[in-house]
Amino acid sequence: MKKEEASRINCSMLLQHINQAVCFVGRVSKVHPSGKTFTAVDGEGKTVTVELNCCLEEELSGVVEVIGLVSNKGVLMAATYNLLREDRGTPFDLELYNEALKVIHDFPQHYPFEAAVSG
Amino acid sequence: MWNQGGYSESGMVGGYTQSPGGFASPGLSQGEKKGRTRSTQIIPCTVSQLMSASQADEAFKVGEVEVNQVTIVGIIRSTDKSMTYIQYRVDDMTGAPMDVKQWVDTEDPSVDSTVLPPGTYVKVSGNLRSFQNHRSMVAFCIRPLEDMNEITSHMLEVVQAHMALSKPQNTLGGGGGGMTAGSVSKPVIGGMGGSYAGASDMTNNGLSPNQNQVLSLIRGCPEPQGISIQDLKHRLGGMSLPMIKQAVEFLSNEGHIFSTIDEDHFKSTDND
């Protein structure tokens, strides 16, 4: 799959990105016993359900960055994910990341999420 | 700071080095081009900005901002090692991953030429290149992130740098050389304290419409003792006294105005 841009969003922005590729960062909350789905909490304390296309092989915990499509029910259909390591001293500040999200969405001209036509 | 004297491209291949990840202060190399002098700033960017940058000769521009040496932060999606270089594809979610080439110094055994594995988050410092319409970067430093909060700080630095460098010179008020771009009402300090107030009311200089109105009136006052809060209230019929006081407090904290004969009289710090 040729992936292009994936807008960085939090839970509040899910429904504005239905059928679009997004990048969600949050802390893993609960993993379903089947390993096919889990919930994650964003910097505002809101929860999203993430569905994987394959089962989790190992226990998932900590801060995860998920890239996928938003279903029309607001579920994040994950294409890929990676963990943001917190084992090197400083924990990841999710609230601060949330503030940064607001900044980049307020100034899309300075943080574009698509390759605009060059001048 | 970081934009003085350029950044040497030798001896920086691979490994961790002191990366100047910060943004350059405005008003330095803008419009000071002597012949073919290349800009000596290093600008934090997104991959999308680099891909859509306009090109004139050897010079690239993101909007009005000239970019040459840049930093990006992203995750390695693939690697390809050859005898003389390592090729990475670095993804920062703003578009297709960027090709990043890092030359391997085959002569020097002390230089680490270990390939960083896919899935590693890195900060890449290097030069933007275009060859046969294909954009890529040649890196002089690729550093794996230890603190993932650098992802957040890079996002903020990109917006800050491009906003500051895009501003026309004559609206940079206040003290010389400092960053006045896009000041938000309440600064974010760690995870505590204020929150970002949103940019919906912001005008070009980062002040809300109310703050701008109050500042204009204060600036326009020729008296040595400045203008009083009472005068401001008279002139700004539509603004309540608490709102005026709030604007005055903000402007004072940001250094745009100062109090004179007493706590109710203010003058502007700008030399108009």
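Me: Which residue is the bridge partner of A:Leu69 in β6(A)?
Reply: A:Met77 is the partner. Note that this is a predicted model.

Me: What makes β5(A) and β6(A) a strand pair?
Reply: Pairing needs at least two bridges. Here 8 bridges join β5(A) to β6(A), residues 76-84. The two strands therefore count as paired. They run antiparallel. They also form a hairpin, with 5 residues between them. In the turn, A:Gly74 has a positive phi of about 80 degrees.

Me: How do you know that β2(A) pairs with β5(A)?
Reply: By the two-bridge cut-off again. Strand β2(A), residues 21-31, and β5(A) share 7 bridges in the antiparallel sense. A:Gly26 stands opposite A:Val64 in β5(A).

Me: Why is β5(A) called largely enclosed?
Reply: Buried means under 20% relative accessible area. In β5(A), residues 63-70, 7 of the 8 residues are buried, so the rest of the structure largely encloses this strand.

Me: Why is the link between A:Arg88 and B:Glu146 called a salt bridge?
Reply: The cut-off is 4 Å between a side-chain nitrogen of Lys or Arg and a carboxyl oxygen of Asp or Glu. The closest N and O atoms here are 2.5 Å apart, so the pair qualifies. Across the interface of chain B and chain A, the rule finds 1 salt bridge.

Me: Which element gives the most to the side of chain B that touches chain A?
Reply: α2(B) does, with 10 residues. By class, that side of chain B has 17 nonpolar, 15 polar and 5 charged residues.

Me: How many residues does each chain bring to the contact?
Reply: Chain B brings 37 and chain A brings 35. The area buried between them is about 3,200 Å². Carbon and sulfur atoms give 63% of that area.

Key: Residues numbered from 1 in each chain as written. Chains lettered and ligands numbered in written order. Predicted model: local features only at pLDDT ≥ 70, side-chain atom pairs only at ≥ 80, totals over all residues. Heavy atoms only, no water. Buried < 20%, exposed > 50% of the residue type's maximum accessible area, 1.4 Å probe, protein only. Helix = DSSP H or I, 4+ residues; strand = E, 2+ residues; numbered from the N terminus. Contact = heavy atoms within 4.5 Å. Buried area = accessible area lost by both parts, 1.4 Å probe. Nonpolar A, V, L, I, M, F, W, Y, C, P; charged D, E, K, R; others polar.
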